[in-house]
Amino acid sequence: HPNWSYGQVKQALLATGDPLASLGSTVSGRRLNAANALTAYQPPDTLGPRVVGATSGTFAFPVSSVRLEFSERIDLTTFTPADVTFTGPAGAIAVLGVSAVPGSSERRFDVTFATQSAEGAYSLAIGPDIRDLAGNRMDQDQDRNPGEAIDDRYLGGFNIVLNPYGYRAYPVAVENIDLSAG
């Protein structure tokens, strides 16, 4: 295919690799198979999706969403607020929405909720009944046994610490001092 663009070659290579769970965290979860890419052979997708990235860490400001990234494209009808459990320092927090990030090929999603500003730990559990385009359920632990209620959920979270460095600013009286030489 000498007339293929770089993007077409890359897409063919990513889409036609051999699925291997042992590869761990890779872009496609597949081993490169140039012969498949050149002949347009598409092996059946047997690997379940998994969360490979998420908003986490400690924040010194209020938070109203978390961004997730999956290992592959997700069937949009299978990822709803019902697939997310979110808790904060005061208990359960309602998830308001789940939406695909434009231009992410249904791999990145924003999970939205009411703005949270209370200091403390926040945790979320995602899945496991979220499916890829082939209908495979999540396989977060990559054991090829998708959809396990405990093992195949993604668990993550973040902290809000409004004063993470321990410094506080206080107003003080200003005194006018003349620094002229003499």
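**From chain layout to salt bridges**

Read along the sequence, this chain runs α-β-β-α-β-β-β-β-β-β-β-β-β. The model is a predicted one. Two helices and eleven strands make up that pattern. The chain has 182 residues, and 33% of them are buried. About 11000 Å² of the chain is exposed, with carbon and sulfur atoms supplying 54% of this area. Contacts reach far along the sequence: of those between residues at least 6 apart, 63% join residues at least 24 apart.

Start with the sheet. Strands E3, E5, E9 and E8 form an open sheet in that order, with antiparallel pairing. Strand E3 (51-54) and strand E8 (95-100) stand at the edges. Each has a single partner strand, so one side of each is left without a neighbour in the sheet. On average, neighbouring strands here are turned by 25° against each other, direction ignored. In general, the strands of a sheet pair through backbone hydrogen bonds, in a parallel or an antiparallel sense.

Now look at the pairing of E5 with E9. Strand E5 covers residues 63-70 and strand E9 covers residues 108-116. Six bridges join them in the antiparallel sense. Leu68 offers one point of reference: Phe109 in E9 is its bridge partner.

Side chains link these two strands as well. Glu69 and Arg108 meet in a salt bridge, at 3.5 Å from N to O. Glu69 lies in strand E5 and Arg108 in strand E9, so the pair ties together parts that are 39 residues apart in sequence. Neither residue counts as buried, because the limit for that is under 20% relative accessible area. Glu69 is partly exposed at 22%. Arg108 is partly exposed too, at 35% relative accessibility. The pair also belongs to a network of salt bridges that links Glu69, Arg107 and Arg108.

Which residue forms a salt bridge with Arg73? The partner is Glu106, and the closest N and O atoms are 2.6 Å apart. This link runs between loops. Arg73 sits in the loop between E5 and strand E6 (84-88), while Glu106 sits in the loop between E8 and E9. The pair therefore ties together parts that are 33 residues apart in sequence. Both ends are partly exposed: Arg73 has 42% relative accessibility, and Glu106 has 23%.

Another salt bridge joins Arg131 and Asp129. Their side chains meet at 3.1 Å, N to O. Arg131 is partly exposed, with a relative accessible area of 28%. Asp129 is likewise partly exposed, at 32%. A search of the whole structure finds six salt bridges. As a general point, side chains of opposite charge can pair when their charged atoms come close.

Finally, turn to a nonpolar feature of the surface. Val9, Leu13 and Leu32 form a nonpolar patch there. Together they have about 240 Å² of accessible area. Where is Leu32 found? Leu32 is in the loop between strand E2 (30-31) and helix H2 (34-39). Is Leu32 buried or exposed? Leu32 counts as exposed because its relative accessibility is 59%, and the cut-off for exposed is over 50%.

Technical notes:
Residues numbered from 1 in each chain as written. Predicted model: local features only at pLDDT ≥ 70, side-chain atom pairs only at ≥ 80, totals over all residues. Heavy atoms only, no water. Patch = residues over 30% accessible without salt bridge, like charges linked within 9 Å, V, L, I, M, F, W, Y side chains within 5 Å. Areas by Shrake-Rupley, 256 points an atom, 1.4 Å probe, with all protein chains shown as cover. Salt bridge = Lys/Arg side-chain N within 4 Å of Asp/Glu carboxyl O. Helix = DSSP H or I, 4+ residues; strand = E, 2+ residues; numbered from the N terminus. Buried < 20%, exposed > 50% of the residue type's maximum accessible area, 1.4 Å probe, protein only. Pairing = 2+ DSSP bridges. Axes fitted to C-alpha atoms, helices over the stretch in contact; angles between N-to-C directions. Contact = heavy atoms within 4.5 Å.
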